[in-house]
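Good morning, and thank you for joining this meeting. Please take a moment to look at the sequence and the structure before we discuss them.

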Amino acid sequence: MERGARVGGEGQGDRGEWTEEKENHQEGEESMAMTMEHAFKDEQVPPWEEQVTVRSVVASLVLSAVFIFIVCKLNLTTGIIPSLNVAAGLLGFALIKAWTALLEKFGGTASYLLGMSARVASQADEGNTPINVKNLSLGWMIGFLFAVSFVGLFSIVPLRKMMILKYKLTYPSGTATAYLINSFHTPKGAKLAKKQVATLFYAFCGSFGSALFQWFFAAADGCGFGSIPTFGLQAYKQRFYFDFSATYVGVGMICPYMVNISLLFGAIISWGIMWPHIASKAGDWYSADLAKSSLHGLQGYRVFIAIATILGDGLFHFIYMLIVTARNFKAQKSGEEESESIVDYDEQKRTEYFLKDQIPNTVAIGGYVVLAAISIGVVPVIFPQLKWYHILVVYMIAPVMAFCNAYGCGLTDWSLASNYGKIAIIIFSSWVGLGHGGIIAGLASCGVMMSIVSTASDLMQDFKTGYLTLASPRSMFVSQVLGTAMGCVMSPLVFWFFYKAYAVGDPDSSYPAPYSLVYRGIALLGVEGISTLPKHCLALAIGFFAGAIVVNIITALLQKFETKWKIYRFIPSPMCMAIPFYLGGYFAIDMCVGSLILFVWQRVNKKKANDFAPAVASGMICGESLWGVPAAILSLAGLQAPICMKFW
C-alpha cells in the first residue's frame, strides 16, 4: 500500500458507526496534517497512469477474493458486516502494498437476489408463484451486476470537488484509512504496521486451526461445538448459547460496544420474552397446524416485527439526513463569503494533486446517460416483470438519493444504501402488483437503487482517502472501474460456491441468510398490504416501528443537548436490536464475548489494545472464514467429519 497509489473502497456494512476510535483517528490525522506532506516533499508523486499498476491489480484481485469470501460468510450467517478497513489495510501492507475492496456487491447476493429464489420463497405461503420466483443462475447474476454496477460510479463524480474541497466533509472511514496509510510510511508507523501484520498472522493461524479442530466433531447438522448448550438446554432451545465462533468474537472486537449490547438486548426481548409468549398463543392468535416457516404463524411475527423496526430506524435516519444536509448547505452558503480560507502547506499540496487529474463532467454525465440507457435495455430482459419505464424512473431519482447518501456519509459515516433500497422495494412492488410479478420487480429495483447509492458513498470515501494520500482521482476512478468489473464476476462466483455447497437461505442451516427473507417480506407487504398478517402482528409491528423512531429521536436530542454524561452512548440501536429477532442470540453472545475481551485488554494495557486488537480481530475473522473454503470443498466431495458431538 503506497502513498499516491490506489487504496480501494470501503468494506463496511450498510451502516457505519461513529466511535471514539474514529474520533481519535481523526484527531490524529489532523495533528499529522501539519507535518505529513513536509516529510514527503522531496519525493515525487507518480502520474496517475503509473499509480494503476499490474501488481496492484493482481494484489487487489487476490485480496478482494479473500475479503469477498469473508463478507459472503458474514452476510449469509447474520448479515452483520463490521468495517474491515484495518484488516484490508494490514493485509495490503503485507501483500505488495495494494488492495481493492469489492464488498458492497454481497449486500445484494445475500439479500435481494437470494430473496428471489425458490428456496426463500418456499418459506412463505404468499407470493410463491412462478412469476414471483426466479431461479438463481450464475449467468444472469453476473449479467445483472454488469448492467447496474457501473452507473453509480458516474453519478457522484461531478460533485467530488464540492464534497471534498468546498464543504470539507469528514468521511470518517476514509480519513481513518488515510491516516493508517500515511502512518505506514513514517519510520515509527511502518514498524508498528509490521508488528500488527505479524499479530494478525498469528491470530489467523489460531482461528483457522480452531475451525479445523471443531470440524472433526460436526458430522451432521446439530453436531459440534456450536451445539453445546452453554447456558442449559432450555436456553439452547431459545437460541441462547455460545457457539465457539472465532469469526463473531472477532467481529465483536471491531464493532462498538453498544452495537453488541443492542444485539444481545434485542435477542433477550424477542427470544427470551416475546416469542415464547406468542408461541403460547398458538391456536388463538394463529393456527397451530401451520408449517414452522409460514409467515401466517410465529415466523410472521419474527419477520414483520423485525422489518417494522428496521424500517422505522431507516425512515428516521433518512429524514434526519435530509434535514442535516439542508442545514449544512444553508450554513455553508451563508458563511462561505464571510470566512477566509487559511490554507497550510499540507492542504495546498493535497488540493494541488486532487485537482491535477480532472475527470471532465461531460465524461461523468455522458457515462451516466449511456450506461443508464444500456441498463434500461438489459434489465427488463433479465427481469421481464420490470418494464423499461420502471428502470427509467429509478435512474431519474437515483442521483438525488446518491447525493443525499454520499453527503450524509461524509458527515456521519452512515451509509443508508439499504434503506433507499427498501424504499424502492415498496414503491415498485406495489406499482407492478402481485399478479404481474411485483415481488421480483421490487427486489430487482432494489438492486438497481442500492448499486447506485452505495457506490456513490463508497467512491466519495475513496476520494477523501485519495485526497489525504495524494492519490490521483483519475487513477482511483479507473481502479474503481476495474475493481467493480472484478467484483461483478467474483462476487457471484463466491456466492455460487456457498449456494451449491450449503443450504443457503434455509433458516435451520448454517447459512440462513436472514436478510433474504426480510427483503422478500418487504416486497410482500408492498404487493399484498397488511391483510395477510397474523393476529395482533400489525399492532406489534406499528408499536416497534414507532418505538424505533422514538428511540432515535431521544438519542439525537441527547446527543445534541446533553454533553456532560453522554447518556446517548448507552441507548441501544433499534436496527441492531431487530437483527436477532429472526436469528436468535447465539451470535450476539459471541460478539459480546469479543467486547468483553477488548474491554479487559484496554483496562490492562490500553495502548497495546488500541494498536493490536484490530489485528487480532481481523486475524480471527479471516482464519475461521477462510476455513469455509476447504470445508465447502469437502462437503461438495461428499466427505463428512468422523465424529458427531451432540447433546440431549
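Leaving aside its neighbours within four places in sequence, with which residues is D611 in contact? In this predicted model, D611 touches L192 and Q196 once those neighbours are set aside. D611 belongs to helix 28, which covers residues 606-636. With a relative accessibility of 16%, D611 counts as buried, because the cut-off for that class is under 20%. K195 also deserves mention here: D611 and K195 are separated by 416 residues in sequence, yet their C-alpha atoms are 9.4 Å apart in space.

Let me now turn to the protein as a whole. It has 28 helices and zero strands. Of its 648 residues, 57% count as buried. If we take the contacts between residues at least 6 apart in sequence, 84% of them join residues at least 24 apart.

A word on confidence is in order. The mean pLDDT of the protein is 79, and 79% of the residues reach 70 or more. Confidence is highest in helix 18, residues 361-382, at a mean of 93. It is lowest in helix 1, residues 20-32, where the mean is 43. Two stretches have pLDDT under 50 throughout. Over residues 5-34, the model has 84 contacts beyond four places in sequence. Over residues 94-105, the corresponding number is 53.

I come next to the interior. Which residues have the most contacts inside the largest nonpolar core? They are F144 and Y395, and the core itself has 145 residues. Helix 21 gives the most to this core, with 17 residues. Y395, leaving aside neighbours within four places in sequence, is in contact with A147, V148, V151, Y368, A372, S375, I376, V448 and I452. Apart from the largest core lies another one, of five residues, among them W215, W627, A631 and A641.

Helix 21 merits a closer look. It runs over residues 438-469, and 32 of its 32 residues are buried, so this helix is largely enclosed by the rest of the structure. Its length can be checked as well. At 1.5 Å a residue, the 32 residues of helix 21 should span 46 Å, and the distance between the end C-alpha atoms is 46 Å, which agrees.

What follows helix 21? The next residue to note is L470, whose phi is positive, near 65°. L470 is a residue other than glycine, and is found in the loop between helix 21 and helix 22. At 6% relative accessibility, L470 counts as buried. H536 offers a second case, with a positive phi near 70°, again in a residue other than glycine. H536 is found in the loop between helix 23, residues 514-528, and helix 24, residues 537-561. With a relative accessible area of 40%, H536 is partly exposed.

Let us move on to the aromatic residues. A search of the whole structure finds 33 aromatic pairs. Why is the pair of F154 and F477 edge-to-face? The ring centres of F154 and F477 are 5.3 Å apart and the planes stand at 80°, so the pair is edge-to-face, given that planes over 60 degrees apart fall in that class. This pair links distant parts of the chain: F154 is in helix 9, residues 151-155, and F477 is in helix 22, residues 473-501, with these positions 323 residues apart. Both partners lie inside: F154 counts as buried at 15% relative accessibility, and F477 is buried at 9%.

Ring pairs also join F204, F208, W215, F216 and W627 into a cluster. W215 and W627, just named, are members of the five-residue core described earlier.

Charged groups and rings meet in two further places. The charged end of R119 sits over the ring of Y499, at 4.4 Å from its centre. K134 lies over the face of W140, 5.1 Å from the ring centre.

Finally, I would draw your attention to helix 27, residues 586-604. Its 19 residues should span 27 Å at 1.5 Å a residue; the end C-alpha atoms are 28 Å apart, which agrees. Several residues of helix 27 are buried, including Y586, F587, D590, G594, L598 and Q602. As a general point, an α-helix has 3.6 residues a turn, so residues three or four places apart point the same way.

Notes:
Residues numbered from 1 in each chain as written. Predicted model: local features only at pLDDT ≥ 70, side-chain atom pairs only at ≥ 80, totals over all residues. Heavy atoms only, no water. Phe/Tyr/Trp six-rings, centres within 6.5 Å; stacked < 30°, edge-to-face > 60°. Helix = DSSP H or I, 4+ residues; strand = E, 2+ residues; numbered from the N terminus. Buried < 20%, exposed > 50% of the residue type's maximum accessible area, 1.4 Å probe, protein only. Lys NZ or Arg CZ within 6 Å of the ring centre and 35° of its normal. pLDDT = per-residue confidence, 0-100. Contact = heavy atoms within 4.5 Å. Expected span 1.5 Å × (residues − 1). Core = buried A, V, L, I, M, F, W, Y, C linked by side-chain atoms within 4.5 Å.
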